[in-house]
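Okay, hi everyone, thanks for having me. I'll put the structure up on the screen, and then we can walk through a few parts of it together.

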Amino acid sequence: MISEGCEQCAKGGKMVLFVYGYCDQRDCFYCPLGENRKNVTQMYANERPIEDDSDVIEEAKRMSALGTSITGGEPQEVLDRTCHYLELLKDEFGEDHHTHLYTGIPGGRENMRRLSEAGLDEIRFHPPLEQWGDLHGTEWEDILYIAREEGLTPAFEIPGIRAEEEFLEFLDEGAADFCNINEFEMSDGNYRRMQEEGFELKEDHMSAVEGSHDILEQMGDHEKVYFCTSVFKDAAQHRSRLKRMARNIRRPFDDVTDDGTLVYGKAWTSEARLETLGVPEEYYTVKSEHVELAWWLLEEMVEEGDVEKGEIVEQYPTYDGTVVERTPLSGPADRGSQAAADD
């Protein structure tokens with residue numbers, strides 16, 4: 001039985017709230033943060049830059065968020081900010097809006113108390129790699145019990161660098177509720193340093209590190225250990241989140257793909273022309289310099305010569321609306337001109 005936070009992630013229901021890009025405790029060679037997130041104070045909710053509280057609420061509604069994961073950098077370094085947004089989310093969406101937080105420092109009792117009072121449900125600790133195997137009798141052991149005493153669910157979340165039996169001991173002792181192991185990955189933010197440390201990409205894979213599944217041989221059989229693969233993150237978590245967004249923001253004429261992207265047509269024509277052609281108003285939207293409409297309708301109009309040209313656009317339903325693909329469409333006249341030029 002995976003944790004409630006993980007269940008919501010698997011459904012694509014967790015909004016990712018990035019509260020702070022600095023992490024002063026250490027400089028991990030495997031840190032996956034890209035340059036646009038590392039050592040910045042700018043907040044993000046998913047892909048949306050946050051300027052005020054309403055941005056956070058709007059993004060959560062955009063994806064019908066079931067809960068929120070709070071990350072950084074180090075969220076405990078900006079505890080006032082972190083607690084503010086925990087309170088904001090709980091006030092807006094209620095106690096059922098599940099929250100979990102990733103942290104690389106113990107923090108102490110006062111921090112645990114404040115986080116719990118603000119509405120945090122689950123805290124996932126990531127001790128420094130150099131301390132793995134020597135955590136008993138340290139503040140890392142103490143904070144697990146303190147967090148639970150303050151009403152939080154304590155857990156570990158670690159990258160799959162190497163197996164470490166001590167994490168299993170903490171689970172068996174009841175100090176931690178679970179241990180999530182993320183498949184070890186290379187990213188734009190850590191690729192060079194990972195190579196310097198001797199790690200290489202798995203063959204025919206975009207991000208997973210060679211040998212990253214070996215950790216399962218020693219830790220994978222424990223009932224409270226969960227291994228999260230890079231494929232699952234992309235194919236299940238990310239795609240499911242996109243689908244949630246797409247269903248919420250799609251216009252009547254937008255098609256939602258199996259990948260959670262939106263597909264529509266774009267034409268450089270006028271609303272008057274569409275009215276002349278008898279296109280129902282629910283099949284298009286007028287922009288400043290073009291119109292957007294059902295892709296299949298545009299394709300038919302271009303084929304018939306009713307509109308000279310256009311394109312089919314596929315884009316993400318995210319705040320930044322990244323375009324995945326553009327497919328140009330041209331009418332009979334343009335195709336004839338091109339054929340003549342080719343001859």
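So, let's start with the second largest pocket, which holds about 150 Å³ of space. Keep in mind that what you're looking at is a predicted model. Which residues sit closest to the centre of that pocket? They're Arg251, Asp254, Leu262, Glu292 and Gln315, out of 13 residues that line the pocket. If you sort that lining by class, you get five nonpolar residues, five charged ones and three polar ones.

Okay, on to the sheet. This one's open, and nine strands build it. If you walk across, the order goes 3-2-1-4-5-6-7-8-9, and the pairing is mixed. Which strands are at the edges? Those are strand 3, residues 48-50, and strand 9, residues 225-228, and each of them pairs on one side only. From one strand to the next, the twist averages 25°.

A quick bit of background here: strands in a sheet pair through backbone hydrogen bonds, and that can be parallel or antiparallel. For one example, zoom in on strand 7, residues 153-159, and strand 8, residues 179-182. Those two run in the parallel sense, with four bridges between them. Ile158 has its bridge partner in strand 8, and that's Ile181.

Now for some helices that pack on the sheet. Helix 6, residues 165-172, touches strand 7, strand 8 and strand 9. The direction of helix 6 makes about 165° with that of strand 7. Then there's helix 2, residues 53-62, which packs against strand 1, strand 2 and strand 3. Its direction is at about 155° to that of strand 3.

Let's stay with helix 2, because it also meets helix 9, residues 230-249: their axes come within 8 Å and cross at roughly 95°, which means helix 2 is roughly perpendicular to helix 9. Who's touching whom? From helix 2 you've got Glu59, Lys61 and Arg62, and they meet Arg244, Met245, Asn248 and Ile249 from helix 9. By class, the residues of that contact are four charged, two nonpolar and one polar.

Last stop: Phe199. Where is Phe199? It's in the loop between helix 7, residues 191-196, and helix 8, residues 216-219. Setting aside neighbours within four places in sequence, Phe199 is in contact with Phe29, Ile161, Phe184, Met186, Met194 and Val209. And if you compare Phe199 with Arg162, they're 37 residues apart in sequence and 12 Å apart in space, going C-alpha to C-alpha.

That's my tour, thanks for listening!

Key:
Residues numbered from 1 in each chain as written. Predicted model: local features only at pLDDT ≥ 70, side-chain atom pairs only at ≥ 80, totals over all residues. Heavy atoms only, no water. Pairing = 2+ DSSP bridges. Axes fitted to C-alpha atoms, helices over the stretch in contact; angles between N-to-C directions. Contact = heavy atoms within 4.5 Å. 1 Å grid on protein atoms, 1.4 Å probe; cavity = no way out; pocket = protein on both sides within 12 Å on 5 of 7 lines; lining within 4 Å. Points joined across faces, edges and corners; volume = space filled by probe spheres on them. Nonpolar A, V, L, I, M, F, W, Y, C, P; charged D, E, K, R; others polar. Parallel < 35°, antiparallel > 145°, perpendicular 65-115°, else oblique.
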